Amino acid sequence: MYKVIGATRSRTFRVLWMLEELGLDYDHEPAAPRSDEALAHNPLGKVPALVNGEGEVLTDSVAIMTYLGDRHGALTAPAATVARARQDAMTMWLVDEMDAVLWAAAKHSFVLPEEERQPAIKEQLKREFERSAAVLAKRLTGPFLMGEEMTLTDILAVHCLNWAIGAKFPRVDDDLFAYGQRLRQRPAFIRASAR
Ligand SMILES: N[C@@H](CCC(=O)N[C@@H](CS)C(=O)NCC(=O)O)C(=O)O
């Protein structure tokens, strides 16, 4: 049985949603970032972490989702296919252009020590996010980012869109908003949210 370490209101949500989509049983330790429990599983104190059935600890939400997808043969194109290389490229683009921008905004809002924060940077980050969201809207040409099938890339994208709403970033595109709303109605999303 898997054990997920990390508070639901963090990037841990991606792993919880993935496990719910896969229909797998798991324990959940909703540890805060940098807490003793987080540090016990990752010397960086970051969440999420996942302990697999063999007691091995994995870190990083995207690495964990990829591991789960490969291991259970779902929510991912198979490894070593062109479809997978394209999925990975989309995933990494989201990490570069959305996750990193949202994380920078979080750092300058509450993560960094107060004296290191540069609040003025947030307006620039909002503009960068708007540009990326407009690009993402153009890249969304089917029901899911990679086409007809849902993948872990959709989990990452919708988590970033939710994060942007929480951080009061502007709404950019109606189709992208509708895509997020549709995925938020999935039973697995609702179950993960209730954690
Ligand atoms: N790339 C990592 C980032 C993990 C991360 O930074 N998580 C935040 C919470 S969402 C955290 O634990 N921050 C504490 C810190 O950076 O000290 C992932 O996707 O899991």
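The questions and answers below go through a core, a loop residue and a helix pair in a predicted model. Residues are numbered from 1 along each chain as its sequence is written. In this predicted model, local features need pLDDT of at least 70 and side-chain atom pairs count only at pLDDT 80 or more, while totals for chains, interfaces and linings use all residues.

Me: Which helix gives the most residues to the largest nonpolar core?
Reply: A nonpolar core is a set of buried Ala, Val, Leu, Ile, Met, Phe, Trp, Tyr and Cys residues joined through C-beta atoms within 7 Å, and the largest one has 44 residues. Helices here are DSSP runs (H or I, at least four residues) numbered from the N terminus. The helix that gives the most to this core, with 9 residues, spans residues 152-166 and is α6.

Me: Is methionine 146 buried or exposed?
Reply: A residue is buried if 20 or more other C-beta atoms, placed from the backbone, lie within 10 Å of its own, exposed if 12 or fewer, and partly exposed in between. Methionine 146, in the loop between α5 (121-139) and α6, has 20 C-beta neighbours inside 10 Å, and therefore counts as buried.

Me: At what angle do α6 and α7 pack?
Reply: Axes are lines fitted to C-alpha atoms, for helices over the stretch in contact, and angles run from 0 to 180 degrees between N-to-C directions. The axes of α6 and helix α7 (residues 174-184) are 10 Å apart, and the two helices pack at an angle of about 110°.
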